[in-house]
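Q: Can you walk me through some ring and helix labels, and show how each one is earned?

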Amino acid sequence: MRLEANPPAGVLFDCDGVLVDSEPLHADTWVEVLNPLGFSFGARWFDPWIGIPDEDLAMHLHEKQGVPLTPNELLDRKRVTYRAAVVAGRLATFPGLKDGLLRLRSLGLPLAAASNSRIATVRLCLEKAGLLELLHAVVGVDDVREGKPAPDLFLEAAQRIRLPACSCVAVED
């Protein structure tokens, strides 16, 4: 017996780690913020923090690692450093990704990004990566009530491309 699957009506992508290879840059910019404060960590120190909000990491660094800046001060420095790195062209993309998005668009599939990052950061990253114009909608954590792992981001992205979420496929790392 052969089962035929219904093809998706739209595709919803996470941004960090899916549309852009941003995790190494996030780690690098945290190092750039922490090193002048006298803090250095091992080569893979950031790995457990991938997918965790920067707010949680800043709190951990302040409370558990003894970084003397407040979590908000750390976040401000990290965001400025990250934004400057993105503007300077240090953000990597994945080989073949743009061609893949173009192929999906040629099939008539609406595409959206749904990210746990702030919308201004998401849009900047996608613009600098040359991907923003390929997406029909972009949703950031400040566009919804709850970020991931709650489904709000993907539900909002589906709504913005005018499709029921159950007819879309989500691509997440």
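A: Sure, starting with a lysine: Lys78 lies over the face of Tyr82, 4.6 Å from the ring centre. A charge counts as over a ring if NZ of Lys or CZ of Arg is within 6 Å of the ring centre and within 35 degrees of the ring normal. One heads-up: this is a predicted model, where local features need pLDDT of at least 70 and side-chain atom pairs 80 or more, while totals for chains, interfaces and linings use all residues. Residues are numbered from 1 along each chain as its sequence is written, and side-chain values use heavy atoms, leaving out hydrogens and water.

Q: Why is the pair of Phe41 and Trp45 called stacked?
A: Rings of Phe, Tyr and Trp (its six-membered ring) pair if their centres lie within 6.5 Å; planes under 30 degrees apart are stacked, over 60 edge-to-face, and the rest tilted. Phe41 and Trp45 sit 4.9 Å centre to centre with 25° between the planes, so they meet the stacked rule.

Q: What makes Trp45 and Phe46 edge-to-face?
A: Their centres are 5.7 Å apart and their planes are at 70°, so the pair is edge-to-face. Ring pairs link Phe41, Trp45 and Phe46 into a cluster.

Q: How do you know whether Trp45 is buried or exposed?
A: Buried means under 20% relative accessible area, exposed over 50%, and partly exposed in between (1.4 Å probe, protein chains only). Trp45 has 14%, so it counts as buried. Phe46 is buried too, at 6%, whereas Phe41, at 31%, is partly exposed.
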